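Reader: Please take one part of this model, the metal site, and go through it closely. Then set it against the rest of the chain.

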Amino acid sequence: MDDQRISRRDSLLKLGGLLAGAATLGGWKTASEAGAGPAGVASGEIACVLAPEATEGPFYLDDARVRRNITEGRPGTPLMLRLKVVDASSCRAIRNAAVDVWHCDAGGAYSGTGGEADERFLRGVQRTDAKGLAVFRTIYPGWYPGRTVHVHVMVHVAGNVVHTGQLYFPDALTDRVFRRAPYRRRPGRTTRNAADSIYRNGGRLSTLALRRSRPGYVGSITMGIQRA
Ligand code: FE
């Protein structure tokens, strides 16, 4: 592995106070209803502000491709990710944020971290549109020892990393997906959400809302971020 390609942005974790959420537009109070700004955030009345920062983990590569479809033909249950970025102070959509995602394949492997250093499957970057939305076409992640199923996410606004987090899946749905090919070739995942040390730190609020969309699923979440 080429360690120099892995960015360790530990200092960014100090930005803290993160804020990723599973709220939907229909359920929000507007900032004016809830009391905008830090007070509204602290009181929990601004519903778009949710989860804490999470570690980026060891497998981030900072040269991910700008593209919507990140599958590169990796087999798995199709998953559309709809990730919305809003300003945590106002719940307003943030346009042109760069959203960076990466996750392991159905066999639990990350691209670019093993023998094939130039592989980049299941990694990509998209810019948010006027509604704050970044969309990716991917597959349901597999699992690797010691971690529950997750997708890593990093949000950049105006060149600054403003959020590093992880997105989670309901265990019952993961169980269902993992009973099918290709996941079933590798049974016995070690760790479910409740037993995951990173999930425990606000993971419930970073859990994707999933709905069936044959032949796969659509996973959605709103991430309230604080601009750097
Ligand atoms: Fe990971």
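Author: What follows starts at the metal site and works outward to the salt bridges, the cores and the overall fold.

The model is predicted. The iron ion has four protein donors: the OH atoms of Tyr110 and Tyr144, and the NE2 atoms of His150 and His152. These donor atoms lie 1.9 to 2.1 Å from the iron ion. Along the chain the donors follow the spacing Y-x33-Y-x5-H-x1-H. The angles among the four donor atoms run from 90 to 151°, and the site is irregular. A tetrahedral label would require all angles to lie between 85 and 135 degrees, so the upper end of the range, 151°, rules that label out. For reference, the ideal angle for four tetrahedral donors is 109.5 degrees.

Two of the donor residues can be placed with respect to the surface: Tyr144 and His152 are both buried. Two of the donor tyrosines also belong to a nonpolar core of eight residues, which includes Tyr110 and Tyr144 along with Phe59 and Met154. This core lies apart from the largest one.

Next come the charged pairs. A salt bridge joins Arg147 and Asp196, with 2.7 Å from N to O. Arg147 sits in the loop between β5 (133-139) and β6 (150-157), while Asp196 sits in the loop between α3 (171-178) and β8 (209-213); the pair thus links parts of the chain 49 residues apart. Asp196 counts as buried because its relative accessibility is 0%. Arg147 is buried as well, with a relative accessible area of 11%.

A second pair, Asp105 and Arg74, meets at 3.0 Å, N to O. Asp105 is in the loop between β3 (98-102) and β4 (123-127) and Arg74 is in the loop between α2 (37-43) and β2 (78-87), so this salt bridge ties together parts 31 residues apart in sequence. Asp105 counts as buried at 8% relative accessibility, whereas Arg74, at 27%, counts as partly exposed.

A third salt bridge is formed by Asp171 and Arg189, whose closest N and O atoms are 3.3 Å apart. Asp171 belongs to helix α3 and Arg189 to the loop between α3 and β8, 18 residues apart. Both residues are buried. They are also members of a network of salt bridges that takes in Asp175 and Arg192. Over the whole structure, six salt bridges are found.

Now the largest nonpolar core. It has 34 residues, and Leu83, Val99 and Val155 touch the most other members. Elements giving two or more residues to this core are β2, β3, β5, β6, β7 (160-168), α3 and β9 (216-225). Leaving aside neighbours within four places in sequence, Leu83 is in contact with residues including Val99, Val101, Leu133, Phe136, Val153, Leu167, Ile221 and Met223. In soluble globular proteins, nonpolar side chains tend to be buried together.

Finally, the chain as a whole. The protein has three helices and nine strands, and from the N terminus on the order is β-α-α-β-β-β-β-β-β-α-β-β. Among contacts with a separation of 6 or more, 77% are between residues 24 or more positions apart. Of the 228 residues, 52% are buried. The protein exposes about 10,500 Å², of which carbon and sulfur atoms supply 49%.

Technical notes:
Residues are numbered from 1 along each chain as its sequence is written. This is a predicted model: local features need pLDDT of at least 70, side-chain atom pairs count only at pLDDT 80 or more; totals for chains, interfaces and linings use all residues. Side-chain values use heavy atoms; hydrogens and water are left out. Donors are N, O and S atoms within 2.8 Å of the metal (3.2 Å for Na, K and Ca); water is not among the atoms, so sites may look incomplete. Four donors count as tetrahedral if all angles lie between 85 and 135 degrees; four count as square planar and six as octahedral if opposite donors are over 155 degrees apart and all others between 65 and 115; anything else is irregular. Buried means under 20% relative accessible area, exposed over 50%, partly exposed in between (1.4 Å probe, protein chains only). A salt bridge is a side-chain nitrogen of Lys or Arg within 4 Å of a carboxyl oxygen of Asp or Glu. Helices (H or I, at least four residues) and strands (E, at least two) are DSSP runs, numbered from the N terminus. Contact means heavy atoms within 4.5 Å. Accessible areas come from the Shrake-Rupley method with a 1.4 Å probe; for residues, only the protein chains shown count as cover. A nonpolar core is a set of buried Ala, Val, Leu, Ile, Met, Phe, Trp, Tyr and Cys residues joined through side-chain atoms within 4.5 Å.
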